[in-house]
Protein chains: 2
Amino acid sequence: MGRHREFDVEKALDAILCVFWSKGYEGTSYTDLTEAAGVERPALYSAFGNKEALFAQALDRYYERYLDYIPDALQKPTSREVAAHMLYNAIDLNTRYPKHTGCFNITGLLAGSDGAEPVRQMLIEVRARGEALFRERLERAKAEGDLPETAKPDALAAYLMAVLHGMAVQAKAGFSRETLEAVAEQALAAWPTRGS
Amino acid sequence: MGRHREFDVEKALDAILCVFWSKGYEGTSYTDLTEAAGVERPALYSAFGNKEALFAQALDRYYERYLDYIPDALQKPTSREVAAHMLYNAIDLNTRYPKHTGCFNITGLLAGSDGAEPVRQMLIEVRARGEALFRERLERAKAEGDLPETAKPDALAAYLMAVLHGMAVQAKAGFSRETLEAVAEQALAAWPTRGS
DNA sequence: GCTGTTTAATAACGGTCGTTACGAAATGTG
DNA sequence: CACATTTCGTAACGACCGTTATTAAACAGC
């Protein structure tokens with residue numbers, strides 16, 4: 001019983017996700033959110049909770065809807081292919097939508113008032129989980145002999161993540177897909193091979 | 001004639017620079033600024049103008065006081081030494097002050113409301129100037145035979161800047177100097193040599 | 001000691017922030 | 001049709017934002 005919801009919660013969350021993606025947590029106001037979602041404030045509060053909870057749900061959705069290439073990439077047979085897939089899929093994601101370039105996760109991670117510190121910590125934690133997955137995959141590669149004995153999976157993982165984060169920054173600075181592809185190619189030139 | 005200024009403008013700007021460094025442009029309030037500078041709001045306005053002008057002056061000061069290693073690095077004899085100096089000096093800067101890790105420039109570049117768009121564009125422009133300087137240095141290296149004929153200075157410059165930006169993100173995520181040094185070492189492994 | 005000028009501190013401005021009472025509208029059940 | 005329940009939009013809340021009018025205090029020159 002009771003009145004039915006008149007808006008599609010998932011569609012609203014998708015629209016909200018894009019705004020946060022572009023402006024970050026604190027850069028986004030409820031005015032921005034209601035305009036994007038086509039839904040008034042109290043409806044957002046009743047559907048998602050407060051701003052922080054709403055952002056958390058947008059972040060979850062970002063990982064499952066846009067970063068779904070990561071599980072696929074991790075299953076590639078060689079570490080080099082894993083790295084290459086991460087790079088080129090990230091480039092595509094970072095440049096696909098002109099209205100919100102870069103990476104949702106990284107965009108909100110850097111700056112913020114003291115009040116937004118919990119959100120920053122949340123993004124830091126999620127980022128670390130992604131890097132851990134990649135590091136574990138590289139440890140497996142080393143165990144399989146795909147990476148040489150001298151390879152350091154933690155350093156390699158941190159390195160590739162650094163390139164990914166850097167490309168997210170550059171995408172925000174207006175870099176084209178082609179330029180970022182040149183960056184990725186250069187980044188892969190350092191990748192250790194079975195031989196060495 | 002007239003009353004004398006009772007506070008040191010340069011010291012105040014230094015303190016303000018550190019707050020912007022940590023919280024970005026919009027994440028910093030005038031309450032933060034007055035606390036850090038030990039100066040009331042009207043004094044800041046009379047000395048620096050409004051918030052945007054104040055931020056611009058802090059950015060200038062950041063480049064001349066903290067990024068002064070860049071001109072030095074660019075004068076190193078080989079492109080590899082240039083890249084290495086940029087990387088290791090950046091690591092030092094990004095981790096030297098626990099209260100404001102990362103890079104002032106990158107911190108404010110990603111997120112922001114529509115009202116902060118002019119500031120974002122300013123940071124994007126300044127970042128691009130830095131990359132241009134580095135690219136020109138690599139073009140010179142190529143002309144001198146320090147880089148092989150196949151080397152692409154623009155791609156190499158973008159690549160190294162990506163690593164630098166990525167390390168700034170990781171510093172904000174709490175990375176230690178040692179971990180970032182491992183990243184830099186890995187990044188340099190990709191650097192082209194005279195031979196190839 | 002005035003006078004004119006610059007700075008200092010207090011306090012307030014209008015606007016926007018995130019959040020939420022509140023009453024009207026819309027549903028399923030008796 | 002009444003009823004309880006849920007959602008809706010309006011409108012407002014207190015808090016904080018960047019900015020500034022205002023007044024008192026500190027100086028230089030006559």
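Reader: Which element gives the largest share of the surface near DNA strand D, and what makes a residue count as near a strand?
Author: The largest share, three residues, comes from H3(B), where a residue is near if one of its heavy atoms lies within 4 Å of the strand. The model is predicted, so to speak of local features requires pLDDT of at least 70 and side-chain atom pairs count only at pLDDT 80 or more, whereas totals for chains, interfaces and linings use all residues. Residues are numbered from 1 along each chain as its sequence is written, chains are lettered from A and ligands numbered from 1 in the order written, and side-chain values use heavy atoms, with hydrogens and water left out.

Reader: Which residues come closest to DNA strand D?
Author: Of the 23 residues that surround DNA strand D, the closest are A:Arg3, A:Glu6, B:Tyr30, B:Tyr45 and B:Lys51. Sugar and phosphate make up 71% of the atoms of DNA strand D that come within 4 Å of the protein.

Reader: Why is the approach of B:Lys51 to DNA strand D called a polar contact?
Author: A polar contact is a pair of N or O atoms within 3.5 Å; within protein, one must be able to donate a hydrogen and the other to accept it, and residues adjacent in sequence count only if both atoms are side-chain atoms. An N or O atom in the side chain of B:Lys51 is 2.4 Å from a phosphate oxygen of DNA strand D, and therefore the pair falls within the 3.5 Å limit. Polar backbone atoms also approach phosphate oxygens of this strand, that of A:Glu6 at 2.9 Å and that of B:Thr28 at 3.1 Å.

Reader: How do you know which part of DNA strand C A:Arg3 approaches?
Author: The partner atom is a base nitrogen of DNA strand C, 3.0 Å from a polar side-chain atom of A:Arg3. A:Tyr45, by contrast, places a polar side-chain atom 2.6 Å from a phosphate oxygen of DNA strand C.

Reader: What makes the structure of chain A helical in its listed elements?
Author: Helices are DSSP runs of H or I with at least four residues and strands are runs of E with at least two, numbered from the N terminus; by this rule chain A has ten helices and zero strands.

Reader: How do you know how chain B is related to chain A?
Author: The copies are superposed by least squares on the C-alpha atoms of residues with pLDDT of at least 70 in both, and a rotation of 180 degrees with 0.0 Å of shift along its axis places chain B on chain A with an RMSD of 0.0 Å. The two copies are thus related as by a two-fold rotation axis.

Reader: Why can one say that the copies meet through the same surface?
Author: With contact meaning heavy atoms within 4.5 Å, 42 residues of chain B are in contact with 42 residues of chain A. Because 100% of the interface residues of chain B are also interface residues in chain A, the copies meet through the same surface. The area buried there, which is the accessible area (1.4 Å probe) that two parts lose on being put together, summed over both, is about 3,100 Å², with carbon and sulfur atoms giving 66%.

Reader: Why is the pair A:Lys152 and B:Glu185 called a salt bridge?
Author: The rule asks for a side-chain nitrogen of Lys or Arg within 4 Å of a carboxyl oxygen of Asp or Glu, and the closest N and O atoms of A:Lys152 and B:Glu185 are 3.7 Å apart, so the pair qualifies. Across this interface the rule finds four salt bridges. On the side of chain B that touches chain A, H9(B) gives the most, with 13 residues.
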